[in-house]
Amino acid sequence: MEEKEELKFKDSKICFLSNFPPKECGIATFTQDLITSLNKKFNPKVKSRVIALNEESSLYNYDGRVIMQMNKDYLEDYIDIAKKINRSEK
């Protein structure tokens, strides 16, 4: 049984749509802690990444775990990001 479960995780990628540091809020800190723990526990089989949610006037200097950014208030951004994810192999 364990062997089958291990196969499911082979080259898995998880992408979180969330706030992320350096934005200062509890959700950003929680998301950072969560992906750090997941990556540490399941590395190299699972890679966690983030799509950062921004406000229209916000600019942040994110680290490499953030693969995309989007404006949380624009419906079009959600659609565009979903299309990019579906085409992506990362």
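The following legends describe an overview and several close-up views of a predicted model.

**Figure 1. Overall architecture of the chain.** The secondary structure comprises three helices and three strands. Along the sequence, these elements follow the pattern α-β-α-β-β-α. The chain has 90 residues, of which 27% count as buried. Its accessible surface amounts to about 6,800 Å², and carbon and sulfur atoms hold 53% of that area. Among the contacts with a separation of 6 or more, 44% join residues 24 or more positions apart.

**Figure 2. The nonpolar patch on the surface.** Four residues, Leu17, Leu75, Tyr78 and Ile79, make a nonpolar surface patch of about 370 Å². Helix H3, which spans residues 75–87, gives the most to this patch, with three residues. One of the patch residues, Ile79, is found in helix H3. Ile79 has a relative accessible area of 42% and is therefore classed as partly exposed.

**Figure 3. The salt bridge between Glu55 and Lys23.** Three salt bridges are counted in the model, and the pair shown here is formed by Glu55 and Lys23. The closest N and O atoms of the two residues are 2.6 Å apart. Glu55 lies in the loop between strand E2 (46–54) and strand E3 (66–71), while Lys23 lies in the loop between strand E1 (12–18) and helix H2 (26–42), so the salt bridge ties together parts that are 32 residues apart in sequence. The two partners fall into separate accessibility classes: Glu55 is partly exposed, with a relative accessible area of 24%, whereas Lys23 counts as buried at 11% relative accessibility.

**Figure 4. The salt bridge between Arg65 and Asp63.** Side chains of opposite charge can pair when their charged atoms come close. In this view, the side chains of Arg65 and Asp63 meet in a salt bridge, with an N to O distance of 2.5 Å. Asp63 is partly exposed, its relative accessible area being 33%.

**Figure 5. The salt bridge between Lys72 and Asp73.** Lys72 and Asp73 form a salt bridge in which the closest N and O atoms are 3.2 Å apart. Lys72 has a relative accessible area of 33%, which means that this residue is partly exposed. Asp73, by contrast, counts as exposed because its relative accessibility is 52%, and the threshold for that class is over 50%.

Notes: Residues numbered from 1 in each chain as written. Predicted model: local features only at pLDDT ≥ 70, side-chain atom pairs only at ≥ 80, totals over all residues. Heavy atoms only, no water. Patch = residues over 30% accessible without salt bridge, like charges linked within 9 Å, V, L, I, M, F, W, Y side chains within 5 Å. Areas by Shrake-Rupley, 256 points an atom, 1.4 Å probe, with all protein chains shown as cover. Helix = DSSP H or I, 4+ residues; strand = E, 2+ residues; numbered from the N terminus. Buried < 20%, exposed > 50% of the residue type's maximum accessible area, 1.4 Å probe, protein only. Contact = heavy atoms within 4.5 Å.
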